[in-house]
Amino acid sequence: MSRIISLLQRALGVILILVTLALILVYFYGIL
Amino acid sequence: MADKSARAIERALKWAALLTLIMGYAAGYASRGREVLPLLIEQLPEAASMDKISEHPLVLAFETPEKGSEARGYATISRAQGWGGPLSLALLVDGEGRIQRVLVLDHNETLPFFYRLEKKDFFRQFESRHVADPLWPGEDVDTVTQATVSSEAFTEAIRKGAHAVGREVFGLEIRERPPQWRIGWEEGFLALLFAAAYLSMRSGLRVLRYLVMAAAFFFLGLHLNASLSIAHYGGLLLGFVPRVITHPFWWILVCGALLTAFLLKRNLYCHALCPFGTLQELNYRISGSNLPVAKSLVRAVRALPYFLTWLALMCVFLTSNPTSGAYEPFPTLFSLEGMEIQWLILAAAILGSLFMKRFFCRFFCPVGIALGLVVRARCRLGKLGKEKPGCPE
């Protein structure tokens, strides 16, 4: 169980970073 | 062996980044000097004819036959230096010397600041004003809080244009006031914050750091909405620098952060002065969560803020517009104005900060990268000069 939670936590970290990065790239796409 | 080749790749990437930035700068420089006269003509489709009255400053007379007795009007184009760089606007003046409309032709102001001016009807206050009026902020012009520097810059351009029409068309004798030093409590308080941030770093006193962070949050964030942005450093590299006599606050903030990083080998701004950094720390503490960030993930995204800083600077250089690279969410947060995508970036940054300490600073912030590079450059210089160590790891 704790292993699954740990995996989910890690996945959340990656998702947060990727989503923010994607939004920033969309911003630049709009500018250029 | 693997380490060696990784370092070689890293070095090659650094050089490639630097070279492409130089090329981007050159390309942007070559296409600079946007013609604003066609923009004015575009905005005046009703004008049947246009005659040049003077070249410097540019004053034009135009006829709009369908308006009957109010057919003749005058237009002028004037410029000033704003918070984000140069701005150009046109003034339309009627035959009696009253301002009819202010048309912003080109500007580099941070968009949330500009939206704020429009929302507060800043430009409308000039309509029906006479070209001989002083048009001076705080005297007969109301500036907009949290966009004070932008309001003053637009006012300066409007004043220049109005007075030019007054002199060239109506033969009025209007004397321009010489610029005056504008140092008030805000400049003093900002300098004090830098000193207090340094003390908190040197002494390691947490309480002092929290006090400085709270003060900077209210002062730089809520009161002035004047967070440092990559737009400042992009503007500095483009040479879009306001005069120190009229914008001492800009100089203390932008050059203060750079100089302290260089001289003290410490990034004081990110340590205690950034309002968004404070908000993120607060979020993290309130949420109480501690999302484990795998070392492999940190390693994998180590280059991410560098890449984004490069991308932001490329954008700034290619467009010759410092604010085009400003993807940071700070202005949107503190002015509550912005484009949809800026709101989404802000939401993602705040959400991330609930789970990871200083989420935006660690993975995305270009200001931290810029100031960090200055600290590293200083440390390298120190090593060359066999200076005593004192550089952060």
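A salt bridge is taken here as a side-chain nitrogen of Lys or Arg within 4 Å of a carboxyl oxygen of Asp or Glu. In the predicted model described below, the side chains of B:Asp140 and B:Arg129 meet this criterion, with a distance of 2.8 Å from N to O. Both residues belong to the loop between α3 (111-119) and α4 (148-168) of chain B, so the contact ties together parts that are 11 residues apart in sequence. B:Arg129 has a relative accessibility of 17% and therefore counts as buried, since the limit for burial is under 20% relative accessible area.

Over all chains, the structure holds 11 salt bridges. A further pair is formed by B:Arg302 and B:Glu10, whose closest N and O atoms are 3.6 Å apart. This pair links distant parts of the chain, with B:Arg302 placed in the loop between α11 (295-300) and α12 (304-319) of chain B and B:Glu10 in helix α1 of chain B, 292 residues apart. B:Arg302 is exposed, at a relative accessible area of 52%, whereas B:Glu10 is partly exposed, at 33%.

Within helix α4 of chain B, B:Glu156 and B:Lys160 are 4 residues apart, a separation of about one helical turn. Their side chains form a salt bridge with an N to O distance of 3.6 Å. The two partners fall into separate accessibility classes: B:Glu156 counts as buried at 18% relative accessibility, while B:Lys160 counts as partly exposed at 38%. Elsewhere, B:Glu10, B:Lys14 and B:Arg302 are joined into one network by salt bridges that share partners.

The overall composition of the two chains was examined next. Chain A contains 1 helix and 0 strands, and its C-alpha trace spans about 45 × 5 × 5 Å along the principal axes. Of its 32 residues, 28% count as buried. The accessible surface of chain A amounts to about 2200 Å², and carbon and sulfur atoms account for 74% of that area. For chain B, the secondary structure comprises 16 helices and 5 strands. The C-alpha atoms of chain B fill a box of roughly 80 × 45 × 45 Å along the principal axes, and 49% of its 393 residues are buried.

Four of the strands of chain B can be followed through successive antiparallel pairings. Strand β1 (residues 49-54) of chain B runs antiparallel to strand β2 (residues 59-63) of chain B, and 5 bridges join them. In this pairing, B:Met50 has B:Phe62 of β2(B) as its bridge partner. The connection between β1(B) and β2(B) is a hairpin with 4 residues between the strands. On passing to the next pair, β2(B) is joined to β3(B) by 5 bridges, again in the antiparallel sense; here B:Val59 is partnered by B:Thr76 of β3(B).

Strand β3 (residues 72-81) of chain B is largely enclosed by the rest of the structure, because 7 of its 10 residues are buried. This strand also pairs with strand β4 (residues 86-94) of chain B, running antiparallel over 9 bridges. The bridge partner of B:Gln81 in β4(B) is B:Pro86. A hairpin with 4 residues between the strands is formed by β3(B) and β4(B), and B:Gly85 in its turn adopts a positive phi of about 145 degrees.

Two patches were identified on the surface of chain B. A nonpolar patch of about 570 Å² is made by B:Trp15, B:Leu18, B:Leu19, B:Ile22 and B:Met23. Among these residues, B:Trp15 lies in helix α1 (residues 2-30) of chain B and counts as exposed at 55% relative accessibility. Helix α1 of chain B also carries B:Glu10, the partner of B:Arg302 described above.

The second patch is one of positive charge, in which B:Arg206, B:Arg285, B:Lys357 and B:Arg362 gather on the surface. B:Arg362 is located in helix α15 (residues 359-363) of chain B. With a relative accessible area of 39%, B:Arg362 is partly exposed; this value is compatible with membership of the patch, because patches are made of residues with over 30% relative accessible area and no salt bridge.

Technical notes. Residues are numbered from 1 along each chain as its sequence is written. Chains are lettered from A and ligands numbered from 1 in the order in which they are written. This is a predicted model: local features need pLDDT of at least 70, side-chain atom pairs count only at pLDDT 80 or more; totals for chains, interfaces and linings use all residues. Side-chain values use heavy atoms; hydrogens and water are left out. Patches are made of residues with over 30% relative accessible area and no salt bridge: like charges are joined within 9 Å, nonpolar side chains (Val, Leu, Ile, Met, Phe, Trp, Tyr) within 5 Å. Accessible areas come from the Shrake-Rupley method with a 1.4 Å probe; for residues, only the protein chains shown count as cover. Lys and Arg count as positive and Asp and Glu as negative; His and the chain ends are not counted. The place of a charge is taken as NZ of Lys, CZ of Arg, CG of Asp or CD of Glu. Buried means under 20% relative accessible area, exposed over 50%, partly exposed in between (1.4 Å probe, protein chains only). Two strands pair if DSSP finds at least two bridges between them.
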